[in-house]
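Visitor: I would like to learn how to read a model of this kind feature by feature. Could you take me through it, beginning with a single residue?

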Amino acid sequence: MGAIGKGVAWGAAGLLLLAGCTAGTQSTPSATPTDVPTPTVSQLPTTPVPPPVPGSAEETVDAGTPSPAKSVDVKKTASVSSGLEVNLASIKGIQAQATNPGEISGPAIAVTITVHNRTGKPVELDNVVVTATDSANQASSEITGPPASPFTGSVAQGAKANGTYIFRMDAGVRSNVRIVVSVGPQFPDAVFTGRAG
């Protein structure tokens with residue numbers, strides 16, 4: 001064999017050897033990774049929250065409502081609180097004239113109320129409320145025209161104040177009326193019953 005033939009033979013042998021090595025070193029495909037289970041979130045506790053403890057600083061305390069005063073005759077004085085007295089200075093029948101929408105002219109009673117303050121401090125009168133019920137137990141509507149003159153401002157310690165209120169009321173239902181005077185939410189009502197006008 002010549003020199004050229006030997007070179008070709010050695011080249012072919014080298015290619016076969018390289019091919020065998022390459023085939024032997026090919027990597028095996030990796031296995032598919034196993035699925036990882038998704039972690040579950042534990043449920044939150046469902047124990048109910050207890051109510052606030054009574055007597056806590058956030059608790060609202062009911063101040064309560066003053067007890068109503070016992071009714072007295074229309075000619076007597078009602079003591080609604082220590083040092084605070086209310087009486088009906090006069091109660092008479094009049095012919096009232098309506099002045100505002102919803103009011104009805106006609107027979108009425110004019111009630112003049114006196115508040116005597118001996119509580120030791122001024123008493124506000126802006127919130128005084130007066131109502132009247134006739135002998136048939138029907139509420140009477142108020143008329144604001146003359147000679148009505150409601151309480152305003154305050155009454156000083158040791159002083160008296162007067163206010164006049166007009167209520168629409170026929171003459172036939174005045175034998176046993178009920179007049180309720182509320183000086184303020186901090187005082188019991190003064191209640192008067194009897195004949196009017």
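Guide: Let us begin with Ile 109, which lies in strand β4, and keep in mind throughout that the model is predicted.

Visitor: Is Ile 109 buried or exposed?

Guide: Burial is read from the relative accessible area, with values under 20% counting as buried. Ile 109 has a relative accessibility of 0%, and therefore it counts as buried.

Visitor: Which residues does Ile 109 touch, leaving aside those up to four places away in sequence?

Guide: Its contacts include Ile 91, Lys 92 and Gly 93, and further along the chain Ile 109 touches Tyr 165, Ile 166, Phe 167, Met 169, Arg 174, Ile 179 and Ala 196. Distance along the chain and distance in space can also be set side by side: Ile 109 and Ala 171 are 62 residues apart in sequence, while their C-alpha atoms lie 8.9 Å apart.

Visitor: In what order do the strands of the sheet that holds β4 run?

Guide: Strands of a sheet pair through backbone hydrogen bonds, and the pairing may be parallel or antiparallel. Here five strands form an open sheet in the order β2-β3-β4-β9-β7, with antiparallel pairing. The edges are taken by β2 (77-81) and β7, each of which has a single partner strand, so that one side of each is left without a neighbour in the sheet. At the β2 edge, β2 and β3 pair in the antiparallel sense over four bridges, and Ala 78 stands opposite Val 86 in β3.

Visitor: Which strands make up the open sheet with mixed pairing?

Guide: That sheet has four strands, in the order β1-β11-β10-β6. Its edges are β1 (72-73) and β6 (129-133), and because each has a single partner strand, one side of each is left without a neighbour in the sheet. Within this sheet, strand β10 (residues 177-182) and strand β11 (residues 190-194) are joined in the antiparallel sense by five bridges, with Arg 178 standing opposite Thr 193 in β11.

Visitor: How many aromatic pairs does a search of the whole structure find?

Guide: A pair of aromatic rings is described by the distance of the centres and the angle of the planes. The search finds one such pair: the ring centres of Phe 151 and Tyr 165 are 6.2 Å apart and the planes stand at 45°, so the pair is described as tilted. Phe 151 lies in the loop between β7 (142-143) and β8 (154-155), whereas Tyr 165 belongs to strand β9 (residues 160-168), so the pair ties together parts that are 14 residues apart in sequence. Phe 151 is buried at 6% relative accessibility, and Tyr 165 is buried at 4%.

Visitor: How many salt bridges are there, and where do they lie?

Guide: The count comes to two salt bridges. In one, the side chains of Arg 118 and Glu 85 meet at 3.0 Å, N to O, and this pair links distant parts of the chain, with Arg 118 in the loop between β4 (106-117) and β5 (123-124) and Glu 85 in strand β3 (residues 84-96), 33 residues apart. Arg 118 is partly exposed, at 46% relative accessible area, and Glu 85 is partly exposed as well, at 26%. In the other, the side chains of Asp 170 and Arg 168 meet at 2.8 Å, N to O; Asp 170 counts as partly exposed at 42% relative accessibility, and Arg 168 counts as partly exposed at 23%.

Definitions and conventions:
Residues are numbered from 1 along each chain as its sequence is written. This is a predicted model: local features need pLDDT of at least 70, side-chain atom pairs count only at pLDDT 80 or more; totals for chains, interfaces and linings use all residues. Side-chain values use heavy atoms; hydrogens and water are left out. A salt bridge is a side-chain nitrogen of Lys or Arg within 4 Å of a carboxyl oxygen of Asp or Glu. Helices (H or I, at least four residues) and strands (E, at least two) are DSSP runs, numbered from the N terminus. Buried means under 20% relative accessible area, exposed over 50%, partly exposed in between (1.4 Å probe, protein chains only). Rings of Phe, Tyr and Trp (its six-membered ring) pair if their centres lie within 6.5 Å; planes under 30 degrees apart count as stacked, over 60 as edge-to-face and the rest as tilted. Contact means heavy atoms within 4.5 Å. Two strands pair if DSSP finds at least two bridges between them.
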